[in-house]
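User: I've got a model here that I'd like to talk through. Let's take it one question at a time.

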Amino acid sequence: MVFGIRQDSGAVGIALDPGQRFAVDLRNRAGVPTIIHWHGQIPPVRQDGVTQTGLETLIPAGADQAYDYVPRPGTYWMHSHHGLQEQQLMAAPLVVRTRADLRADAQEVTVLLQDFTFRDPQEILAGLRHAGMAMRAPAAPGGSRMAGMATTLEGGRAMPDAAKFGAAMSGSGMRMRSDGSAAGGMDLNDVAYDAFLANDRTLADPEVVRTERGGQVRLRLINGAAATAFWIDLGALDGTVVAVDGDPVHPVAVRRVPIAEAQRVDVLLRIPAGGGAFPVLAQREGDRPRTGIVLATPGATVRKLLPDAQTAAGPVDLSLERRLRARFPLAPRRPDLVYRVALTGQMMPFIWGIDGRTWSDRLPLEVAQGKRVAFDLVNRTAMAHPMHLHGHHFQVQALNGVRFSGAMRDTVLVPIGGTVRIAFDADSPGRWLFHCHNLYHMASGMMTEVAYAGFKGGY
């Protein structure tokens, strides 16, 4: 089964204008219980869209759930936080525009990247756990509807048309050794996928977005993949990164952009005055398969794009992260509390954790309201981990011991053997999840919670 999140109009996801509340009636028509997390948003804790903390319950099949809060501007996304439904494409963009966005002379183009498998994700997880190796994944997409907006969760959507997948269905996936390690010796990808999608399409039939000659495009890139990091290749276009994870940064010129699972990057592009067709491609790290869209001016010829690059991409790294500087950083202040947080686990057996503990025997990271909190994230595993904190945005303040005033984010990549310091102000009382956004790592234990002292609820 595959899922989707759509409005009554058929529009995918949610886009809000300045001043609009996040007033959403979520109608579960997926045929199964679910719950939707508003990734990167900071709603009241009981509207965060998770069940693990006991503050919210699942939305039964056929039931409705209302949400209402003041949204945070920027590029975000929404996805199921129940079981492995995110792998079954229960995800969609969530964009909250600013007045500056409306004044800007820029065409907005949102791209949601996903990894697709025909295999039941529960079978994939069982294979990873029992065999300690990546399995080729054949699975399926479901939906959502909006009041102020009604958003409907659709289930049992038709399987994606294999004919449209074309060459992309021929087995794109990293070849893994029996121990789960990449053929090149570095462990990059747990799962082999059948296709990689950009707005539900492969390069066999990519989305073609018509643009103006000499016009400006604001490209909102969202990595909604369950277990895949990408390199974004802008091809002939020069790009300028202006925001990450919904937070503005000082402009950074780019041609290639690394984007880990759950991260977002806003890039400004200028279309050449002479016009033409300009592919924007997302290639899986450590592998050749890719997906993407095409920006094309009127009358431009769009040529067929191969589903595989000529060479494998390298690992997604922190080359962009080191260059990012927040436009609105945290106020200067020494942390009141510092946690050294070890990311632990291995492929064989397929168990992942935080400080050697899985979710079932977690020790919450306790904080007090009003305090500045820092986490020193230390990766002691053979895989990189995109770590996501619910209910807060943090500032990246050090990479491998090198201090700097980095970007504000909600998801940061911690590379193999690396150390990343993040800091945040404890200003959102509640119990909030902190976990790896590789879905299979989270499901296998790499998750804990940030718990505010004195907060009542959920226990």
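User: Is Pro93 buried or exposed, and what is its relative accessible area?

Analyst: Quick housekeeping: this is a predicted model, where local features need pLDDT of at least 70 and side-chain atom pairs count only at pLDDT 80 or more, while totals for chains, interfaces and linings use all residues. Residues are numbered from 1 along each chain as its sequence is written, and side-chain values use heavy atoms, with hydrogens and water left out. Pro93 belongs to strand S7 (residues 91–96); strands (E, at least two) and helices (H or I, at least four residues) are DSSP runs, numbered from the N terminus. With buried meaning under 20% relative accessible area, exposed over 50% and partly exposed in between (1.4 Å probe, protein chains only), Pro93 is buried, at 12%.

User: Which residues does Pro93 touch, not counting those up to four places away in sequence?

Analyst: Contact here means heavy atoms within 4.5 Å. One of the residues touched is Met78, which is 15 residues apart from Pro93 in sequence but 6.2 Å apart in space, C-alpha to C-alpha. The full set that Pro93 touches is Val12, Gly13, Ile14, Tyr76, Trp77, Met78, Thr110, Leu112 and Ile222.

User: What residue stands opposite Pro93 in the sheet?

Analyst: Look at strand S6 (residues 74–80), which runs antiparallel to S7 with 6 bridges joining them. Two strands count as paired if DSSP finds at least two bridges between them. Opposite Pro93 stands Trp77.

User: In which order do the strands of that sheet come, and which ones stand at the edges?

Analyst: It's an open sheet of 4 strands with mixed pairing, in the order S2-S7-S6-S4. Each edge strand has a single partner, so one side of each is left without a neighbour in the sheet. Those edge strands are S2 (14–16) and S4 (36–39).

User: How many degrees are neighbouring strands there turned against each other on average?

Analyst: Axes are lines fitted to C-alpha atoms (for helices over the stretch in contact), and angles run from 0 to 180 degrees between N-to-C directions. With direction ignored, the average for this sheet is 15°.

User: Pro93 also helps line a pocket. What is that second largest pocket's volume?

Analyst: On a 1 Å grid over the protein atoms alone, a pocket is an open set of points with protein on both sides within 12 Å along at least five of seven lines, a cavity is a set where a 1.4 Å probe fits but cannot get out, and lining residues have an atom within 4 Å of a point. The second largest pocket is lined by 26 residues, with Val12, Gly13, Pro93, Thr110 and Asn199 nearest its centre. Strand S1 (3–7), S2, S7 and strand S8 (107–116) each give two or more residues to the lining. Grid points are joined across faces, edges and corners, and the volume, the space filled by probe spheres set on the points, is about 470 Å³.

User: Which strand gives the most to the lining of the largest pocket?

Analyst: That pocket has a volume of about 650 Å³, and of its 33 lining residues, Thr98, Gly246, Asp247, Pro248 and Phe328 are closest to the centre. By class the lining has 14 nonpolar, 9 polar and 10 charged residues; Ala, Val, Leu, Ile, Met, Phe, Trp, Tyr, Cys and Pro count as nonpolar, Asp, Glu, Lys and Arg as charged, and the others, Gly among them, as polar. Contributors of two or more residues include helix H1 (99–103), strand S17 (239–244) and strand S20 (264–270). The biggest share, 4 residues, comes from S18.

User: Why is S17 largely enclosed, and how many of its residues are buried?

Analyst: S17 runs antiparallel to S20, with 5 bridges, and Val244 stands opposite Val265. It also has 5 bridges to antiparallel S18, forming a hairpin with 2 residues between the strands, where Asp245 has a positive phi of about 50°. S17 is largely enclosed by the rest of the structure because its buried residues number 5 of the 6.

User: What residues line the largest cavity?

Analyst: The largest cavity holds about 70 Å³ of space, with a lining of 7 nonpolar, 1 polar and 3 charged residues. One of them, Pro258, lies in S19 opposite Trp231. The lining is Pro258, Ile259, Ala260, Gln263, Val316, Asp317, Leu318, Leu320, Glu321, Arg409 and Leu413.
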